[in-house]
Amino acid sequence: LDSELSTDTFITRLIASLTGYKVRYIRTCKYKESPQATEKVEQAIKDIKEAKLIHKYIVGFSEAELLNEIKRVKIQYGISLVVYDYLKADTITNEGQQERLQLAHLTNMLKNQVCGDMNLAGLCLCQTSPTSGTTEQGYRAFGSSGIEMFSSTTIYLIRKTDEEIEDDLGI
């Protein structure tokens, strides 16, 4: 479930990720100038078509529509995992309280009604923002009080510097 990218944009970015080519190179079909690049892109497209992957652009979905779509896809395709990219509030204000409440409700709904009631595994993504040290890494989830309160587990993926990788012995 994607609250940001249309399916076309998502697929183009996925092809770019799988091939290592830039999105613009894929989008403008410049890859067709090279037989090797064409083969690599066609293989990526074939792999995507064969994958058990369903992308749904969900901007503007109500809670009921979202739940019904997940139920439909579960019944039709037998899915066992829902990835929600990404948790965000419908409205933004200067105070931030409304956003935190919306994110808390959305997190709780996905955890209980999707993962719990539908017996599905769930992975929800959210934006992070730099903080003044409230977490070990110096980042926290946007609207994190609501997300962290209702999440079963919160994981931060932080890109390591070359020095950190070396310090970790390449791990």
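Helices here are DSSP runs of H or I with at least four residues, numbered from the N terminus. Thr 12 is found in one such run, helix α1. Keep in mind that this is a predicted model. Overall, the protein has seven helices and four strands, and 27% of its 171 residues count as buried.

**Overall layout**

- Going along the sequence, the order of elements is α-α-α-α-β-α-β-β-β-α-α.
- Aromatic pairing comes down to one pair in the structure.

**Helix α1 and what sits around Tyr 21**

- Helix α1 covers residues 7-19, and Thr 19 belongs to it.
- Thr 12 has a relative accessible area of 16%, so it counts as buried, given that the cut-off for buried is under 20%.
- Thr 12 and Ile 45 are 33 residues apart along the chain, and their C-alpha atoms are separated by 9.5 Å.
- Thr 19 is buried too, with a relative accessible area of 5%.
- The Thr 19 side chain reaches over to the backbone nitrogen of Tyr 21, at 3.2 Å.
- Tyr 21 also has company at its ring: Lys 40 lies over the face, 5.1 Å from the ring centre.

**The largest pocket**

- If you're hunting for open space, start with the largest pocket, at about 900 Å³.
- It has 30 lining residues, and the ones closest to its centre are Leu 123, Cys 124, Leu 125, Cys 126 and Ile 155.
- Two or more lining residues come from each of these elements: β1 (81-87), α5 (97-116), β2 (121-126), β4 (139-141) and α6 (144-150).
- Sorted by class, the lining of the largest pocket comes out as 19 nonpolar, eight polar and three charged residues.

**The second largest pocket**

- Next up is the second largest pocket, with a volume of about 540 Å³.
- Its lining has 19 residues, and Leu 53, Ile 54, Ile 79, Leu 81 and Val 83 lie nearest the centre.
- Here the elements giving two or more residues to the lining are α4 (63-77) and β1.
- The class split for the second largest pocket is eleven nonpolar, three polar and five charged.
- Strand β1 thus turns up in the lining of the largest pocket and in that of the second largest pocket.

**Backbone spots to check by eye**

- The peptide bond running from Asp 85 to Tyr 86 is cis, with omega near 5°.
- Tyr 86 has its place in strand β1, one of the elements that help line the largest pocket.
- Cys 29 has a positive phi, near 65°, despite being a residue other than glycine.
- You'll find Cys 29 in the loop between α2 (23-27) and α3, where it is partly exposed, with a relative accessible area of 33%.
- Asn 119 is another residue other than glycine with a positive phi, this one near 55°.
- Asn 119 is in the loop between α5 and β2, and its relative accessible area of 66% makes it exposed.

**A loop glycine**

- Gly 60 is in the loop between α3 (35-50) and α4.
- With a relative accessible area of 72%, Gly 60 is exposed, because the cut-off for exposed is over 50%.
- Gly 60 and Asp 90 are 30 residues apart in sequence, and their C-alpha atoms are 8.7 Å apart in space.

Key. Residues are numbered from 1 along each chain as its sequence is written. This is a predicted model: local features need pLDDT of at least 70, side-chain atom pairs count only at pLDDT 80 or more; totals for chains, interfaces and linings use all residues. Side-chain values use heavy atoms; hydrogens and water are left out. Rings of Phe, Tyr and Trp (its six-membered ring) pair if their centres lie within 6.5 Å; planes under 30 degrees apart count as stacked, over 60 as edge-to-face and the rest as tilted. A charge sits over a ring if NZ of Lys or CZ of Arg is within 6 Å of the ring centre and within 35 degrees of the ring normal. On a 1 Å grid over the protein atoms alone, a cavity is a set of points where a 1.4 Å probe fits but cannot get out, and a pocket is an open set with protein on both sides within 12 Å along at least five of seven lines; lining residues have an atom within 4 Å of a point. Grid points are joined across faces, edges and corners, and a volume is the space filled by probe spheres set on the points. Ala, Val, Leu, Ile, Met, Phe, Trp, Tyr, Cys and Pro count as nonpolar, Asp, Glu, Lys and Arg as charged, and the others, Gly among them, as polar. Buried means under 20% relative accessible area, exposed over 50%, partly exposed in between (1.4 Å probe, protein chains only). A polar contact is a pair of N or O atoms within 3.5 Å; within protein, one must be able to donate a hydrogen and the other to accept it, and residues adjacent in sequence count only if both atoms are side-chain atoms.
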